[in-house]
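Open your viewer, load the model and keep the selection tool handy. We'll hop from one stop to the next, and each stop tells you what to pick and what is there.

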Amino acid sequence: MALFFDAQWFDARLAERGLNRRILAAAAGMSEADLALAYKDQRELSADEVGVFAEVLGVTPAEVARSAGVSTPTPGAGLEARLAALEQRVAVLEAELARLRGDGRG
C-alpha cells in the first residue's frame with residue numbers, strides 16, 4: 001500500500017494506454033487543478049473517482065486505491081474497510097511523529 005500518491009505509477013499506466021492527465025481528470029469529472037492536487041498528495045480521491053480511474057487505466061479499483069495513498073477508499077468499501085484504512089493512516093502518522101520527535105516511540 002502506498003503511503004502517498006504514486007504519481008509515477010499513474011503516469012506509467014496513462015502512458016501504456018496513450019492517455020494523459022487531462023483525459024484522466026476529464027473522465028473523473030475533475031478539474032486539472034484538482035488532479036494536480038491529488039498528484040501532490042494535497043487532495044484525496046473519492047471512491048467514485050477511484051472507480052473511474054480504474055476504468056480509464058484498465059486496472060482494478062484496489063490497484064488505484066493502493067497507488068493513491070493509505071486512506072483512499074475503494075468503491076463499495078464498507079465501514080470496516082474505511083475504519084481499517086483510517087487506523088492504518090493513524091499508525092503511519094504516529095510513527096512519523098515519533099521519528100520526528102526522535103523519541104523512539106511508535
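A salt bridge here is a side-chain nitrogen of Lys or Arg within 4 Å of a carboxyl oxygen of Asp or Glu. Before you click, note that this is a predicted model, where local features need pLDDT of at least 70 and side-chain atom pairs count only at pLDDT 80 or more, while totals for chains, interfaces and linings use all residues. Residues are numbered from 1 along each chain as its sequence is written, and side-chain values use heavy atoms, with hydrogens and water left out.

**Stop 1: Asp11 and Arg21**

Select Asp11 and Arg21 and show their side chains. The two form a salt bridge, with the closest N and O atoms 2.7 Å apart. Asp11 sits in helix 1 and Arg21 in helix 2, so this pair ties together parts that are 10 residues apart in sequence. Helices are DSSP runs of H or I with at least four residues (strands are E runs of at least two), numbered from the N terminus.

Buried or exposed, what are these partners? Asp11 counts as partly exposed at 27% relative accessibility, and Arg21 is partly exposed too, with a relative accessible area of 37%. For the labels: buried is under 20% relative accessible area, exposed is over 50%, and partly exposed is in between, using a 1.4 Å probe and protein chains only.

**Stop 2: Arg13**

Stay in helix 1, which spans residues 7–16, and pick Arg13. Its side chain meets that of Glu16 in a salt bridge (3.1 Å, N to O). Arg13 and Glu16 are 3 residues apart in helix 1, so about one helical turn separates them. Arg13 is buried, with a relative accessible area of 16%, whereas Glu16 counts as exposed at 57%.

What does Arg13 contact, leaving aside its neighbours within four places in sequence? Highlight Leu57 and Val59. Contact means heavy atoms within 4.5 Å.

**Stop 3: helix 2 against helix 3**

Now colour helix 2 (residues 21–28) and helix 3; their axes come within 9 Å and cross at roughly 110°. That makes helix 2 roughly perpendicular to helix 3. The axes are lines fitted to C-alpha atoms, for helices over the stretch in contact, and the angles run from 0 to 180 degrees between N-to-C directions. Under 35 degrees counts as roughly parallel, over 145 as roughly antiparallel, 65 to 115 as roughly perpendicular, and the rest as oblique.

Show side chains where the two meet: Arg21, Arg22, Leu24 and Ala25 from helix 2, and Glu32, Leu35 and Tyr39 from helix 3. By class, this contact has 4 nonpolar, no polar and 3 charged residues. In this scheme Ala, Val, Leu, Ile, Met, Phe, Trp, Tyr, Cys and Pro are nonpolar, Asp, Glu, Lys and Arg are charged, and the others, Gly among them, are polar.

**Stop 4: Leu35**

Zoom in on Leu35, in helix 3 (residues 32–39). Leu35 is buried, with a relative accessible area of 2%. Not counting residues up to four places away in sequence, Leu35 touches Arg21, Leu24, Ala25, Met30 and Phe53. Add a distance label to Leu45 if you like: the C-alpha atoms of Leu35 and Leu45 are separated by 8.8 Å, with their positions 10 residues apart along the chain.

**Stop 5: Asp41**

Move to the loop between helix 3 and helix 4 and select Asp41. Asp41 has a positive phi of about 65° although it is not a glycine. Most residues other than glycine have a negative phi. Asp41 counts as partly exposed, at 34% relative accessibility.

**Stop 6: Glu49 and its partners**

Next comes Glu49, in helix 4. Glu49 is buried, with a relative accessible area of 10%. Arg43 forms a salt bridge with Glu49, the closest N and O atoms being 2.8 Å apart. Add Asp34 to the selection: salt bridges that share partners join Asp34, Arg43 and Glu49 into one network. A search of the whole structure finds 5 salt bridges.

Show the backbone of Ser46 as well, since its nitrogen lies 2.9 Å from a polar atom of the Glu49 side chain.

**Stop 7: helix 5**

Finish with helix 5 (residues 61–68), where Val64, Ala65, Ser67 and Ala68 are buried. Helix 1 and helix 4 (47–57) are among the elements covering those buried residues. Just after helix 5, click Gly69, which takes a positive phi of about 125°.

Definitions and conventions
Polar contact = N/O pair within 3.5 Å; in protein donor to acceptor, adjacent residues only side chain to side chain.
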